[in-house]
Amino acid sequence: ENTLVADMILADSMMMSAPKDTGYPEQPIWETFDFDNGLKYQLRRVRVDLATGSFLSMKSMTDGIANCEFPVVNPNVVGKDYHYAYIGSSNTVHRNGVVQGLAKVDVKKEKVVEQWRPRQHEFLGEVAFCPRTSGVGEDNGYLVGYLLNGKAKSSELVFFDAKAINSGPISRTKLNYMVNFSLHGTFVPGFTPEMTSEVVSAFQNL
């Protein structure tokens with residue numbers, strides 16, 4: 001169709017540093033951030049006419065979520081026509097909020113079709129999509145990430161069934177120490193790190 005389609009997390013403007021009136025770094029940003037008027041990030045679909053280079057349209061696919069980040073798809077469909085995207089989502093609908101949960105977006109319908117909201121003091125970081133080795137379907141796989149419990153100051157490694165994320169984690173493994181929120185990661189099929197003494201020591205401390 002000679003049309004470029006790109007899905008991306010976008011805000012109406014960008015704040016690269018904390019405004020001077022927030023008191024940062026003396027005060028944490030979350031204590032002074034204006035959640036009523038702050039930036040809201042959305043997963044948006046942009047269409048561009050490749051023949052003319054002209055902008056055709058831009059549509060939000062996450063209107064039911066105030067804020068989202070960390071988009072991921074099944075690695076088997078990266079760069080191809082695909083059906084589902086998974087994003088970190090805030091628990092809020094209108095008022096801005098920190099990314100805490102997980103949402104599934106049907107990009108064909110251009111809307112959120114499932115969402116998992118954790119407890120108020122829990123925060124899910126970026127997830128990685130791990131395809132199943134058997135079965136069919138683009139959403140035939142697992143989503144894995146770290147869940148921070150701010151109240152207990154602890155973390156869990158959690159797994160979701162990509163076909164039913166609104167059911168919550170299907171597996172939760174508590175770690176021996178807290179993992180920082182927003183830690184990035186990826187899934188590499190078939191990769192097993194060489195079990196050097198440093199790697200063994202790191203796993204023993206998890």
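The following exercises, each with a worked solution, concern a predicted model.

**Exercise 1. The three-stranded sheet**

Determine the strand order of the open sheet that contains β1, β2 and β3, and state which strands stand at its edges.

*Solution.*

Step 1. The order is β1-β2-β3, and the pairing is antiparallel.

Step 2. The edge positions belong to β1 (3–10) and β3 (55–60); each has a single partner strand, so one side of each is left without a neighbour in the sheet. From one strand to the next, the twist averages 20°.

Step 3. Eight bridges support the antiparallel pairing of β1 and β2, and Ala 6 has Val 46 as its bridge partner in β2.

Step 4. On the other side of the pairing pattern, β2 (residues 42–49) and β3 are antiparallel over five bridges. Val 46 stands opposite Met 58 in β3, while Arg 44 has Ser 60 as its bridge partner there.

Step 5. The hairpin of β2 and β3 has five residues between the strands, and Gly 53 in this hairpin takes a positive phi near 75°.

**Exercise 2. The four-stranded sheet**

Establish the order of the strands in the open sheet that contains β4, β5, β6 and β7, and identify its edges.

*Solution.*

Step 1. The four strands follow the order β4-β5-β6-β7 with antiparallel pairing.

Step 2. At the edges stand β4 (68–72) and β7 (111–116), each with a single partner strand, so one side of each is left without a neighbour in the sheet. With direction ignored, neighbouring strands of this sheet are turned by 30° against each other on average.

Step 3. Between β4 and β5 there are three bridges in the antiparallel sense. Cys 68 has Ser 89 in β5 as its bridge partner.

**Exercise 3. The environment of Asp 106**

Decide whether Asp 106 is buried or exposed, and list the residues that Asp 106 touches, not counting residues up to four places away in sequence.

*Solution.*

Step 1. Asp 106 is found in strand β6.

Step 2. The relative accessible area of Asp 106 is 5%. The limit for a buried residue is under 20%, so Asp 106 counts as buried.

Step 3. Leaving out residues up to four places away in sequence, Asp 106 touches His 83, Tyr 84, Lys 111 and Val 113.

Step 4. Tyr 177 is 71 residues away from Asp 106 along the chain, and the C-alpha atoms of the two are separated by 35 Å.

**Exercise 4. The nonpolar cores**

Which residues of the largest nonpolar core touch the most other members, and which strands each supply at least two residues?

*Solution.*

Step 1. The largest nonpolar core has 15 residues, and those touching the most other members are Leu 43, Tyr 82, Ala 85, Ile 87, Val 105 and Val 107.

Step 2. At least two residues of this core come from each of β5 (84–90) and β6 (99–106).

Step 3. Take Ala 85 as a case: not counting residues up to four places away in sequence, Ala 85 touches Leu 43, Val 72, Val 73, Ala 103, Lys 104, Val 105 and Val 107.

Step 4. Another core, of 14 residues, lies apart from the largest one and includes Tyr 86, Val 127, Phe 129 and Leu 147.

**Exercise 5. Strand β10 and its partners**

Explain why β10 is described as largely enclosed, and identify the strands paired with β10.

*Solution.*

Step 1. Strand β10 covers residues 141–149; seven of its nine residues are buried, so the rest of the structure largely encloses this strand.

Step 2. Strand β8 (residues 122–124) pairs with β10 in the antiparallel sense over three bridges, and Phe 123 has Leu 148 in β10 as its bridge partner.

Step 3. Strand β9 (residues 128–131) is also antiparallel to β10, over four bridges. Here Phe 129 has Leu 143 in β10 as its bridge partner.

Step 4. Strand β11 (residues 154–161) is joined to β10 by eight bridges and runs antiparallel; Tyr 146 stands opposite Leu 157 in β11.

Step 5. A hairpin is formed by β10 and β11, with four residues between them, and Lys 153 in the turn has a positive phi of about 55°.

**Exercise 6. The second largest pocket**

Which element gives the largest share of the lining of the second largest pocket, and which residues are the closest to the pocket centre?

*Solution.*

Step 1. The second largest pocket holds about 730 Å³ of space.

Step 2. Its lining has 31 residues, of which Val 144, Tyr 146, Leu 157, Gly 185 and Thr 186 are the closest to the centre.

Step 3. Two or more lining residues come from each of β9, β10, β11 and α2 (197–204). The largest share, five residues, is that of β10.

Conventions
Residues are numbered from 1 along each chain as its sequence is written. This is a predicted model: local features need pLDDT of at least 70, side-chain atom pairs count only at pLDDT 80 or more; totals for chains, interfaces and linings use all residues. Side-chain values use heavy atoms; hydrogens and water are left out. Buried means under 20% relative accessible area, exposed over 50%, partly exposed in between (1.4 Å probe, protein chains only). Two strands pair if DSSP finds at least two bridges between them. Axes are lines fitted to C-alpha atoms, for helices over the stretch in contact, and angles run from 0 to 180 degrees between N-to-C directions. A nonpolar core is a set of buried Ala, Val, Leu, Ile, Met, Phe, Trp, Tyr and Cys residues joined through side-chain atoms within 4.5 Å. Contact means heavy atoms within 4.5 Å. On a 1 Å grid over the protein atoms alone, a cavity is a set of points where a 1.4 Å probe fits but cannot get out, and a pocket is an open set with protein on both sides within 12 Å along at least five of seven lines; lining residues have an atom within 4 Å of a point. Grid points are joined across faces, edges and corners, and a volume is the space filled by probe spheres set on the points.
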